[in-house]
Amino acid sequence: MIRDQEFLKDIASYCIENSKKLGATDVGVKVIHSVSENVSFRNKKLDESNRADSFAVNLTTYIEKKKSSINSSDLSKSNLEKLIERCIDATKITPSDENNSLPDKDLMSKEIRDLNLYDETHYPNDKKIEFLKKVEETASTDEKIVNTEAGFTENKNNFILANSNGFLSGYKTSNFSSSCVAVSKINGAMERDYEFGSTRFLQDMMKPEEIGKIAADKAIKKLGPKKIKSEKIGVIFDKRISKGILSTLASAISASAIARGTSFLKDQINSEVFPNSINIIDDPKIEKGLGSQNFDSEGVETNSLKLVENGILKNYLIDTYYGKKLNLKSNGRSGGTTNLYFENGDLSFKDLINLEKKFLYITETIGHGGNIITGDYSVGASGFMVEDGELTYPVSEITIAGNFKEMFKNITLANDLEMKYSTNAPTLLINQMTVAGK
Amino acid sequence: MSNFFKDADIDTSQAEAIVTETLKNCDDGELYLENHKSESIVLDDNKIKSSTYNSDQGYGFRAVTGEVVAYSHSNDISKESLRKSSENLKDTLKSKKGTYNHEIPKTNSKYYENINPIESKTFDSKIDLLNSVNNYLRSKGSIVNQVTANFLGEHKSIEIIRSDNQVLKDDRPLVRFNVSVVLEKDGKKETGVYGVGGRQSYDDYLKDGSWKDVCDEAFRIANVNLESKPAPAGEMKVVLGPGWPAILIHEAIGHGLEGDFNRKKTSAFHNLMGQQVASEGVTIVDDGTLYQRRGSLTIDDEGTPTENTVLIENGILKNYMQDRLNARLMGTNSTGSGRRESYKHVVLPRMRNTMMLSGKYSQDEMISSVDKGIFAVSFGGGQVDITSGKFVFNCTEAYEINNGKIGSPIKGATLIGDGPSILKEVSLVGNDMKLDPGIGTCGKAGQGVPVGVAQPSILINKMTVGGTKL
């Protein structure tokens with residue numbers, strides 16, 4: 001069972017009081033309890049069951065402008081006492097930094113709105129097993145599927161965030177997720193693909209048959225890929241990977257990257273970064289949203305933010321520390337974005353893939369080939385050739401490369417946005433990237 | 001005497017009784033206890049950005065029968081918590097008919113000392129050194145735009161209690177020291193990153209001003225990149241330098257030779273045992289026994305002593321890397337490759353220090369044999385799809401080769417290849433094998449573990465370079 005708020009509050013208060021007694025001028029603390037149960041299946045048999053019960057305390061103490069932190073999983077007061085002492089000792093000899101401080105009091109979250117983030121339903125392991133059987137039965141119908149793996153995870157979390165300015169708040173969240181990986185085989189060569197669903201409420205979970213079928217269909221479609229010739233071509237990003245463009249944007253407009261001068265978007269605020277049809281929103285207050293939150297990791301109130309409006313970069317993602325460096329107030333983005341998405345474009349998926357006679361359609365990228373400082377981008381990719389609006393054959397062992405600055409300016413969005421992850425994007429086209437193959 | 005039960009309401013013999021009772025009729029399993037202390041001190045943007053100390057302790061209780069693994073972990077080491085975990089395991093494994101395998105090899109070897117690197121250097125001296133790094137690099141001129149340096153140190157004590165009261169213990173130090181510098185010239189910015197580490201104290205890597213060598217190397221890489229031109233796109237010859245570029249070996253074939261993927265037949269290598277998978281002259285080992293190396297272990301996380309496992313000998317596939325579960329199901333022995341990130345994670349077969357051994361050619365011979373290609377010296381990370389065998393890795397320092405001569409530096413690019421066929425394209429193996437500097441972390445199934453790599457220079461006949469210039 002997940003521990004209640006009172007239990008967590010007691011530990012948070014203990015940490016704050018003891019730190020102050022030992023000389024801390026300010027204190028921030030987070031206490032977390034999470035219980036997670038996972039069952040995984042392989043080839044229609046139980047493979048692994050895993051139960052996790054974890055506590056964590058993250059404590060930061062300040063002495064004027066000096067700061068140090070400790071993390072621990074042992075909540076016993078005797079252990080915490082020793083660690084608090086260690087933290088204070090380290091704080092005393094850490095050089096001070098004028099930007100170190102708790103958030104401004106007037107920016108703190110005042111009330112908790114119920115965003116429907118907690119489903120108390122417990123899905124017993126027997127039920128998870130039934131669910132997974134259905135996933136794998138559907139996934140393995142076609143004889144080209146030679147291996148399936150499926151998993152179901154249920155997570156319950158509770159936390160308290162507190163600081164020495166009187167902030168003390170937290171709430172429960174839950175998460176249910178299920179996945180299926182299918183391996184297909186033809187003429188000795190194998191391909192792998194997957195489907196994945198994640199929800200706050202059990203009742204919103206995808207049907208098991210749907211998860212299995214999508215994973216299998218995708219794995220079969222990838223069989224017999226060709227390596228294509230190197231060329232410049234328009235590249236369409238499937239929804240599973242188009243959201244990566246938004247993650248790159250988020251890294252590049254984080255206050256830390258801007259303040260440190262290590263972003264390819266430095267000095268681009270109020271400039272046109274995307275085509276003028278594009279709007280990008282980060283909204284923390286979506287009911288049941290996977291990225292929803294009442295306040296950020298410092299307790300600062302978070303509200304919906306238009307990061308990009310009509311193609312123009314309007315906001316950075318600001319926390320207290322880097323906000324002070326930039327002379328800007330925190331906008332509740334310590335810990336990053338919440339529910340980040342592109343507003344839908346005008347074209348249907350079909351119209352998008354018919355814009356030109358030939359495109360490369362990418363369903364998966366591998367490698368970490370994005371450089372936030374220079375904007376250079378080069379990753380391994382696989383997907384399909386699109387000719388006259390039809391997916392004609394699978395493609396693999398190629399790379400796609402470009403520079404984010406130019407890629408951003410050449411984006412065309414489809415109108416098929418779905419809120420499936422915490423970061424979401426519709427299918428998108430980037431005109432002219434370099435593909436390296438044969 | 002166990003340290004794990006000294007503050008608990010349960011002693012070692014009671015814990016052993018729970019373990020033995022829970023694992024009755026199971027094929028394998030253990031209670032794994034871990035105490036992990038770590039620190040991170042970061043200098044960034046002229047300031048000590050953060051200093052953090054982590055203290056984590058807990059257990060992972062595992063019962064294995066047939067192919068099924070039941071696992072329960074908690075950071076509450078108490079009688080009630082262990083009982084609950086035991087119930088949970090027994091509940092999952094309702095029909096178990098296994099015979100517990102008591103055999104576990106013993107060893108007297110030790111591949112590192114039991115020191116705690118966090119305590120063996122004072123906090124003050126760590127802060128002083130980080131400030132010296134900042135001053136030293138910034139004194140190189142106004143082109144230095146940003147300096148980040150950090151200490152990462154840890155000490156992990158583990159204890160494995162197996163059925164019938166066998167107890168195995170290990171104490172593992174690990175440190176890493178990293179420097180990253182951003183240079184700016186004529187409006188262009190580039191980064192250089194370098195680091196050192198292993199299973200010794202910080203000062204073993206930093207004494208006598210050797211920290212300056214780390215700074216100089218990061219600075220050198222950034223400086224080279226300031227002059228870089230767009231990388232070429234397409235298939236060409238690639239010469240890899242010695243040491244860290246062995247990430248290629250790790251990604252291209254290492255993961256594909258881990259026991260689990262081969263037992264499950266999801267690896268592109270699963271039906272290639274005993275076959276020629278690499279050019280003659282290519283020998284690859286995975287060695288857990290190198291003294292004080294980052295990927296070394298005295299015993300693995302199941303208690304098996306590590307060894308030097310030959311994976312490929314003269315081009316022929318000889319062995320997979322095995323943990324106990326996959327070894328049992330494949331009718332072989334554990335190679336001491338069973339690893340987990342922490343008590344929160346299940347054991348998987350993993351790499352330790354993966355190395356291609358030296359051949360007979362010089363690097364100059366390789367470069368002069370290339371008309372058009374690239375020479376790659378340093379890398380960021382890599383990734384592999386073990387099923388299709390396709391893998392990538394990212395260059396962070398590379399040059400073009402024209403008519404047998406090294407030319408201009410080129411921008412970072414991803415290289416992509418096919419694991420089962422790439423080693424057949426290795427036409428020359430160098431005589432200059434080198435270990436990496438000791439900073440690698442390998443990710444698999446959400447678990448990160450420290451690893452090492454090594455290789456000599458090699459010439460690859462054909463690989464796809466993912467640049468922007470056609």
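The following paragraphs describe the two chains of a predicted model, their contact, and selected local features.

Chain A contains 9 helices and 18 strands. Its C-alpha trace extends over about 70 × 55 × 35 Å along the principal axes. The radius of gyration of chain A is 24 Å, which agrees with the value near 22 Å that a compact globule of 438 residues would have. Of these 438 residues, 49% are buried. When contacts in chain A between residues at least 6 apart in sequence are considered, 73% are found to join residues at least 24 apart.

For chain B, the secondary structure amounts to 10 helices and 22 strands. The radius of gyration of chain B is 24 Å, and the globule rule gives 23 Å for 470 residues, so chain B is as compact as a globular protein of that length. A box of roughly 70 × 55 × 35 Å, taken along the principal axes, is filled by the C-alpha atoms of chain B. Buried residues account for 59% of the 470 residues in chain B. Among the contacts in chain B with a separation of 6 or more, 76% are between residues 24 or more positions apart.

The two chains touch each other through 58 residues of chain A and 63 residues of chain B. On the side of chain A, the elements that each supply at least two residues are the strands β2 (45–63), β3 (66–72), β7 (189–199), β14 (376–387), β15 (390–403) and β18 (428–436), together with the helix α2 (77–93). Strand β2(A) makes the greatest contribution to this side, with 11 residues. Classified by residue type, the side of chain A that touches chain B comprises 17 nonpolar, 25 polar and 16 charged residues.

Two pairs of helices, one in each chain, were examined next. Two packed helices are described by the angle between their axes and the distance between the axes. In chain A, the axes of helix α1 (residues 5–21) and helix α2(A) come within 10 Å and cross at roughly 45 degrees. An angle from 35 up to 65 degrees falls between the roughly parallel and roughly perpendicular ranges, and α1(A) and α2(A) are therefore oblique to each other. Their crossing is right-handed. Helix α1(A) takes part in the contact through A:Tyr14, A:Cys15, A:Asn18 and A:Ser19, while α2(A) takes part through A:Lys77, A:Leu80, A:Glu81, A:Ile84 and A:Ile88. By class, 5 nonpolar, 2 polar and 2 charged residues form this contact.

In chain B, helix α3 (residues 123–138) and helix α5 (residues 210–226) have axes that come within 10 Å and cross at roughly 45 degrees. These two helices are therefore also described as oblique to each other. Helix α3(B) passes α5(B) in a right-handed crossing. The residues involved are B:Leu129, B:Val133, B:Tyr136 and B:Leu137 of α3(B), and B:Trp211, B:Lys212, B:Cys215 and B:Phe219 of α5(B). The contact of α3(B) with α5(B) has 7 nonpolar residues, no polar residues and 1 charged residue.

At the level of single residues, A:Ala381 lies in strand β14 of chain A. This strand is one of the elements on the side of chain A that touches chain B. A:Ala381 has 31 C-beta neighbours inside 10 Å and therefore counts as buried, the threshold being 20 or more. Apart from neighbours within four places in sequence, A:Ala381 is in contact with A:Ile362, A:Glu364, A:Thr365, A:Ile398, A:Thr399 and A:Ile400. A:Ile400 is 19 residues away from A:Ala381 along the chain, yet their C-alpha atoms are separated by 6.7 Å.

Backbone angles were also considered. Most residues other than glycine have a negative phi. A:Lys44, although not a glycine, has a positive phi of about 65 degrees. A:Lys44 is placed in the loop between β1 (26–42) and β2 of chain A. Because 14 C-beta neighbours lie inside 10 Å, A:Lys44 counts as partly exposed. In chain B, B:Ala445 is likewise not a glycine and has a positive phi of about 50 degrees. B:Ala445 is found in the loop between β20 (440–444) and β21 (447–455) of chain B. With 10 other C-beta atoms within 10 Å, B:Ala445 is exposed, since 12 or fewer such atoms define this class.

Conventions: Residues numbered from 1 in each chain as written. Chains lettered and ligands numbered in written order. Predicted model: local features only at pLDDT ≥ 70, side-chain atom pairs only at ≥ 80, totals over all residues. Helix = DSSP H or I, 4+ residues; strand = E, 2+ residues; numbered from the N terminus. Rg over C-alpha atoms; globule rule 2.2 N^0.38 Å. Contact = placed C-beta atoms within 7 Å. Axes fitted to C-alpha atoms, helices over the stretch in contact; angles between N-to-C directions. Parallel < 35°, antiparallel > 145°, perpendicular 65-115°, else oblique. Left-handed = near helix turned anticlockwise from the far one by under 90°. Nonpolar A, V, L, I, M, F, W, Y, C, P; charged D, E, K, R; others polar.
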